[in-house]
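Visitor: Could you take one part of this structure and go through it closely? I would like to see how that part sits among the rest.

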Amino acid sequence: MSISAAVERTLFKDKDGGGGGGLTSIIKHRFLSFLIWQSLQSTFLLLLTKTLTLSPFTKNPYTPNFHSLVSFISFHLSLLLFAVSLFFVSSTHPLPYASPFQISLSFIRLIFVSGGENNLLRRKVRVSLSFLLFVILCAVTGAVSVISVCWGCDVYYDAESRWTRVGILGNLGFRGFAVGLLYGLHYVYKQRWVFGFPIIQRPPFFSFKMALPISVGQAFRFSTVAYGLSGVLALFLPIEYRNQSSMGQFIVEQIIFYIGSFVVFLCWELSHHLHQILHTKRFVFAPPKGSAAAETNPSEPLLATIEESTPNSLLQYLAYLDLCMVCENNVDTWRRAAFFEETGETYKRVIDACLRPLEQFTQKLAEGLESSSAEKSMQLSDQLSSPAERLAVLKLHESFFDSQLYAWCARIVASLTARSRKEDKFGVAQLSGSNVAVISTLLSSLLAVETLIGKKTNIQSAHLMGPAGIKWATINTGRRESTSGAMGKIRGSPLYAKAYSLADVLKTSTYCIVSAFHNEMVSSGKAGLLEKDWIISSKPLYGTHELLLHKLRLFLDFQAS
């Protein structure tokens, strides 16, 4: 394998869906577009800085020389390295990582022992090392970028000797290293490397225009903090690298450094937003309208990408995003109409592709809720919890890593099921039994998420009157009630925020279906056939048939909250 092929595989293996098929070039083209636009904006900012803000500190600011050329090239090479590292560390969802303690204890076992757990630990260690590499690259690019921006000023050439200039350069590089180190640590800690898909898809120009004031504000905050932090750290440098100039030169150097660090932070922030905008933009996975492929099977490219791509890859996320917009909006109605073709195979493929992630999520969440250690791990004295209990909490957090994908899947199946009432000419949704599977999966997922956030899932006696006036027996949920009380203590944590947001999506999706089929469901309820017509006969993913039926009745009465 050549070096270029190895670099390409390292960059794109987790984003292009596996490297097979013609649609994998989408990610590569977007990455190249990102590099081009990033170089254009950084060139504009560098020239603007050199000619306007730093020109008072330079005798001949408009005269090109060799130092200007070297600074220009080194500045762009450092930003290229930053852009590549930004793309390398980015992901569609949060990734589990190994702590330094785990890495140190498991290093020998990872090398010499194989197995499922060790493979998982290897992936965590790989993620941790990628974060470490990103932080180091940020620090290096920070040092090079700050030197490239600031070195052209006369204050760095008026030194008495060559060694003095070397000391000033070392001081400047060290402070630039601290600038990059601060940004890299903040970027990793805040999980800014996770792609944030916008709720409203705007043209890239308008999205970038909205990101400009945000980037400027962030650059001001970063440069202010980095100026103070790097100044304090510079005090610990050897005496030959400390500033020994006059007070006037010292003030000028501080002004130049602040301007240079601000420009570097602004370039990084704009690169971050440009990276997010270009890679999360919707792509239409469909042949051109009017072509032969559009007339025969327009859904095949989209479904093939979802089914054959690497799970959770950027390409698969883009395919789910396109499918969600087709099902919810009235822009590509001809593509949605193709889902309801006569054989029903396309419709079942779409529903299965979206129910599968929801079912896996519900099963993982149910396992975490039912485990005995999960109840104790949410106590206030979390410091005293055992490693097994901490592992259970970690699994609950990891189950929500793909919450964006689960939200899309819930919205897709809800919109498609609701629209099938009027757009399904052949009745494939009813005949295939997909409506029952969709309602049951949404209700089971909602019950599991509500249990996690501490909401009671038992059936109250006030709602146990059947259609014939027969009072049902109170159902003892036992274990789930205690689990619900324990899980209620996560309120205020990031896990609670994700769970609450996903629960809101699941409730909205269920209401979308209930509103479309309200008359049919009410008629089935009066005839005592609501469970038979809308709840699966097999064991639900979470809860019981009675719980699902009770929850569905609350939706019919518009009392589910």
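Guide: What follows is a close look at one helix near the chain's end, α23, and then at some other places in the chain.

The model is predicted. The protein chain has 23 helices and 0 strands. Of its 561 residues, 48% are buried. Among contacts with a separation of 6 or more, 81% join residues 24 or more positions apart. The chain exposes about 27600 Å², and carbon and sulfur atoms supply 62% of that area.

Now to the helix itself. Helix α23 covers residues 545-556, which is 12 residues. At 1.5 Å a residue it should span 16 Å, and its end C-alpha atoms are 16 Å apart, so the expected and computed spans agree.

Is α23 mostly covered or mostly open? It is mostly covered, with 10 of its 12 residues buried. Buried here means a relative accessible area under 20%. The buried set includes the leucines Leu547, Leu548, Leu549, Leu552, Leu554 and Leu556. His545, His550, Lys551 and Phe555 also belong to the buried set. What lies over these residues? The cover includes α18 (434-452), α20 (494-516), α21 (518-526) and α22 (530-534).

One residue of α23 leads further into the chain. Leu552 is buried, and it is also a member of the largest nonpolar core, which has 129 residues. Leu552 is among the members that touch the most other members, together with Tyr320, Leu323, Leu365, Phe400, Val449 and Met521. The largest share of this core, 13 residues, comes from helix α8 (residues 247-279). Tyr320 can serve as an example of such a member. Leaving aside its neighbours within four places in sequence, Tyr320 is in contact with Ile306, Ala353, Cys354, Pro357, Leu405, Trp408, Cys409 and Ile412.

Past the helix, the backbone deserves a look. Phe558 lies in the segment after α23. Its phi is near 55°, a positive value in a residue other than glycine. Most residues other than glycine have a negative phi. Phe558 has a relative accessibility of 48%, so it counts as partly exposed. Gln191 also has a positive phi of about 55° without being a glycine. Gln191 is found in the loop between α6 and α7 (204-234). With a relative accessible area of 36%, Gln191 is partly exposed.

The aromatic rings come last. How many aromatic pairs are there? The count comes to 28 aromatic pairs. One of them joins Phe134 and Tyr187, with 5.4 Å from centre to centre and 45° between the planes, and it is tilted. Phe134 lies in helix α5 (residues 116-150) and Tyr187 in helix α6 (residues 162-189), so the pair ties together parts that are 53 residues apart in sequence. Phe134 is buried at 1% relative accessibility, and Tyr187 is buried with a relative accessible area of 1%. Both belong to one aromatic cluster, whose other members are Phe82, Tyr183, Phe222, Phe265 and Trp268. A ring can also have a charged side chain over its face: Arg175 lies over Phe257, at 4.0 Å from the ring centre.

To return to the starting point, α23 has 10 of its 12 residues buried, and the partly exposed Phe558 comes just after the helix.

Note on methods: Residues numbered from 1 in each chain as written. Predicted model: local features only at pLDDT ≥ 70, side-chain atom pairs only at ≥ 80, totals over all residues. Heavy atoms only, no water. Phe/Tyr/Trp six-rings, centres within 6.5 Å; stacked < 30°, edge-to-face > 60°. Helix = DSSP H or I, 4+ residues; strand = E, 2+ residues; numbered from the N terminus. Buried < 20%, exposed > 50% of the residue type's maximum accessible area, 1.4 Å probe, protein only. Lys NZ or Arg CZ within 6 Å of the ring centre and 35° of its normal. Contact = heavy atoms within 4.5 Å. Areas by Shrake-Rupley, 256 points an atom, 1.4 Å probe, with all protein chains shown as cover. Core = buried A, V, L, I, M, F, W, Y, C linked by side-chain atoms within 4.5 Å. Expected span 1.5 Å × (residues − 1).
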